[in-house]
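Colleague: Got a minute? I'd like to walk through the open spaces and the ligand site in this one.

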Amino acid sequence: MPLRRQAGHNLASNNYLGLCNHPKLREAAIAATQKFGVGSGAVRTIAGTMRIHLELEEKIAAFKGVEACVVFQSGFAANAGTVSSILGKEDFILSDELNHASIIDGARLSRAKIKVFRHKDVAHCEELLKEVQNEPGRKLVITDGVFSMDGDIGPVAQLSALCEKYGAIMMVDDAHASGVLGRNGRGSVDHFHCTDKVDVQVGTLSKAIGALGGYVCGSRDLIDYLYHRARPFLFSTSHPPSVAATCIAAFDLLESEPERIARLWDNTRYFQSELRNAGFNIGGVTTPASETPITPIIIGDGRQTMDFSRALFAAGVMATGIAFPTVPEGKARIRCIMTSEHTRAQIDQALETLSTTAKSMGVL
Ligand SMILES: *Cc1c(COP(=O)(O)O)cnc(C)c1O
């Protein structure tokens, strides 16, 4: 496993806005550590709820324009804990085939019946909803806001309309959309103006927000229910106060430094058009086309992809290879993610290394 490199050479991180290293976030973490210590000392429902945990939840709820929010220890815990607690044996989950592993694990734990629809295929989702509409259980439709391997955007508006039509619950996992899409990075649900139609919005604090954690936004009733039922919330210790403080500072920055998001998109457009000009397959033919900073360079063969990745690393660029079973057989890729903090010179250097290495290996 290669160790992480400095930002300029790193094309593989989810540090979209450079917040992992932002001085204001470091200061917030240090100040909270000095004031409150390094750990919360208990699970939230026993003695592990500090004022700063509640402040963060209130801050996120206000940012997202929803009634309430609950923060989990990770995005994984948020998804798995939520899906597994709001569904039971008689219920149905309708899930995009490329949804994240944490959703799948949550669905398995819930023992609900799992129906998988083809990637972004709204008509297929409707067929499945019709099949189960007369069954007594609840129906939950779930999609990623941004898909993590191809960088394409989920059909949030159309799926929300289906949920209205069939009385289903709509849930969106915005891990890769938070801080990236929507006004000031409010996510895909905001991007599609669907805040009042999506019942459960999940986000992560581990990617663009720069720290660690996950959250669920929704109605007061939903959040109160999760406070009492979501097992990772009930049975696992809450964040250190420094994490909560860091995240509060990050949401402030989304409002006060929107130019980071603008730079992220500028860099993305530049990087992707240069890669296309150089002749790389960055998706859109046999794989979905990226619509976000996630930029797959499709190689195909798994072994060749890993060799390419290692050669890039040796040449000073960190771009991790991803192969089966994370992506389908024959669709192995180098997954690059642009950030707001890559300078134009760094991007140019990375592009040069990518081209030279690819040519020397017969990839290009
Ligand atoms: C990264 C990711 C998660 C998990 O988030 P963590 O905070 O890293 O646990 C959940 N869903 C999707 C789509 C992700 O990409």
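Modeller: Sure, we'll take the pocket, then the ligand, then the cavities. Keep in mind that this is a predicted model.

Colleague: Okay, pocket. How much space lies in the largest pocket?

Modeller: About 480 Å³.

Colleague: And which elements give two or more residues to its lining?

Modeller: Two do. They are helix 5 (101–110) and strand 10 (332–337). The whole lining has 24 residues. Leu 98, Ser 148, Met 149, Thr 326 and Val 327 lie nearest the centre of the pocket.

Colleague: What's the mix of residues in that lining?

Modeller: Nine are nonpolar, eight polar and seven charged.

Colleague: Why does the largest pocket lie between domain 1 and domain 2?

Modeller: Because both of them give residues to its lining. Domain 1 covers 22–256 and domain 2 covers 258–360.

Colleague: Switching to the ligand. How many residues surround it?

Modeller: There are 15. The closest are Gly 75, Asp 173, Thr 204, Ser 206 and Lys 207.

Colleague: Which helix gives the largest share of that shell?

Modeller: Helix 4, residues 75–86, with three residues.

Colleague: And how does the shell divide by class?

Modeller: It has 10 polar residues, three charged and two nonpolar.

Colleague: Which side-chain atoms lie by the ligand's oxygen atoms?

Modeller: Take Ser 206 to begin with. An N or O atom in its side chain is 2.5 Å from a ligand oxygen. Lys 207 has a polar side-chain atom 2.6 Å from an oxygen atom of the ligand.

Colleague: What about a nitrogen atom of the ligand?

Modeller: Look at His 100. One of its polar side-chain atoms lies 3.4 Å from a ligand nitrogen.

Colleague: So how much of the ligand's accessible area does the protein cover?

Modeller: It covers 85%. On its own, the ligand has 380 Å² of accessible area.

Colleague: Last topic, cavities. How many of 30 Å³ or more turn up?

Modeller: Three, in a search of the whole structure. The largest has a volume of about 50 Å³. The second largest is also listed at about 50 Å³.

Colleague: What lines the largest cavity?

Modeller: Arg 44, His 53, Val 71, Phe 72, Gln 73, Phe 233, Ser 238 and His 239. By class, that lining has three nonpolar, four polar and one charged.

Colleague: And which residues line the second largest cavity?

Modeller: Among them are His 100, Asp 173 and Lys 207. Asp 173 and Lys 207 also came up among the closest residues to the ligand. The lining of this second cavity has two nonpolar, three polar and three charged residues.

Terms used: Residues numbered from 1 in each chain as written. Predicted model: local features only at pLDDT ≥ 70, side-chain atom pairs only at ≥ 80, totals over all residues. Heavy atoms only, no water. 1 Å grid on protein atoms, 1.4 Å probe; cavity = no way out; pocket = protein on both sides within 12 Å on 5 of 7 lines; lining within 4 Å. Points joined across faces, edges and corners; volume = space filled by probe spheres on them. Helix = DSSP H or I, 4+ residues; strand = E, 2+ residues; numbered from the N terminus. Nonpolar A, V, L, I, M, F, W, Y, C, P; charged D, E, K, R; others polar. Domains from an automatic or database assignment. Near = heavy atom within 4 Å. Polar contact = N/O pair within 3.5 Å; in protein donor to acceptor, adjacent residues only side chain to side chain. Areas by Shrake-Rupley, 256 points an atom, 1.4 Å probe, with all protein chains shown as cover.
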